[in-house]
Amino acid sequence: MILVKGGYTPDVIVVQHGKPVRLNFRREETAACSEMVVLADFNKSARLPEGETVPIEFLPEKPGEHEFACQMGMLRGKLVVE
Ligand SMILES: [Cu+2]
């Protein structure tokens with residue numbers, strides 16, 4: 001579970017390559033800044049209604065580091081694929 005409130009908590013997520021990943025985002029604020037989360041390297045984005053848990057699922061095929069961020073790129077987190 002990634003809490004979204006003025007940022008992402010935790011803001012570093014470590015996963016294994018070759019295994020399907022589900023990130024559950026839960027936004028606990030109404031600030032417009034955080035209403036979308038974008039995982040650009042995987043062509044994923046989602047709207048985060050306040051108080052709802054929203055999953056983003058994808059398959060990281062190789063090791064590397066990727067950013068997830070709000071639609072403006074102000075709030076940032078890092079996905080580490082091992
Ligand atoms: Cu923002």
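Reading along the sequence from its start, you will find the pattern β-β-β-β-β-β-β-β-β, and the chain as a whole has 9 strands and 0 helices. Keep in mind throughout the tour that you are looking at a predicted model.

**The whole chain**

Show the entire chain, whose C-alpha atoms fill a box of roughly 35 × 20 × 20 Å along the principal axes. A compact globule with 82 residues would have a radius of gyration near 12 Å, and because the chain has 12 Å, the two agree. If you colour by burial, buried residues make up 17% of the 82 residues. Among the contacts with a separation of 6 or more, 51% come from residues 24 or more positions apart.

**The open sheet**

Next, select β2, β1, β4 and β7, which form an open sheet of 4 strands in the order β2-β1-β4-β7, with mixed pairing. Which strands stand at the edges of this sheet? They are β2 (8-9) and β7 (53-58), and each has a single partner strand, so one side of each is left without a neighbour in the sheet. Zoom in on strand β1 (residues 2-4), which runs antiparallel to β2 and is joined to it by 2 bridges. Within this pair, select Leu-3 and you will see that Thr-9 in β2 stands opposite.

**From Thr-9 to Pro-10**

Stay with Thr-9 and follow the backbone to Pro-10, since the peptide bond between these two residues is cis, with omega near -5°. Pro-10 itself lies in the loop between β2 and β3.

**Val-14 in β3**

Continue to strand β3 (residues 12-15) and select Val-14, which is found there. Is Val-14 buried or exposed? Val-14 has 10 C-beta neighbours inside 10 Å, and because a residue is called exposed when that number is 12 or fewer, Val-14 counts as exposed. Leaving aside residues up to four places away in sequence, Val-14 touches Val-80 and Glu-82. Now add Lys-78 to the selection: Val-14 and Lys-78 are 64 residues apart in sequence, while their C-alpha atoms are 8.5 Å apart in space.

**The hairpin of β5 and β6**

Move on to strand β5 (residues 36-39) and strand β6 (residues 44-47), which run antiparallel and are joined by 4 bridges. To follow the pairing residue by residue, select Met-36, which stands opposite Arg-47 in β6, and then Val-37, which stands opposite Ala-46 in β6. As you look along these strands, it helps to remember that in a regular strand the side chains alternate between the two faces of the sheet.

The hairpin has 4 residues between its strands, and the residue to select there is Asn-43, which is placed in the loop between β5 and β6. What is notable about the phi of Asn-43? Its value is near 55°, which is positive in a residue other than glycine. Asn-43 is also exposed, because there are 8 other C-beta atoms within 10 Å.

**From β5 to β8**

For the last stop, keep β5 selected and add strand β8 (residues 64-70), which pairs with β5 in the antiparallel sense over 2 bridges. Select Val-38 to see one of the facing positions, where Ala-69 in β8 stands opposite. With β6 shown again, you can view β5 together with both strands, joined to β6 by 4 bridges and to β8 by 2 bridges.

Technical notes: Residues are numbered from 1 along each chain as its sequence is written. This is a predicted model: local features need pLDDT of at least 70, side-chain atom pairs count only at pLDDT 80 or more; totals for chains, interfaces and linings use all residues. A residue is buried if 20 or more other C-beta atoms lie within 10 Å of its own, exposed if 12 or fewer, and partly exposed in between; C-beta atoms are placed from the backbone. Two residues are in contact if their C-beta atoms, placed from the backbone, lie within 7 Å. Two strands pair if DSSP finds at least two bridges between them. The radius of gyration is taken over C-alpha atoms; the globule rule is 2.2 Å times the number of residues to the power 0.38.
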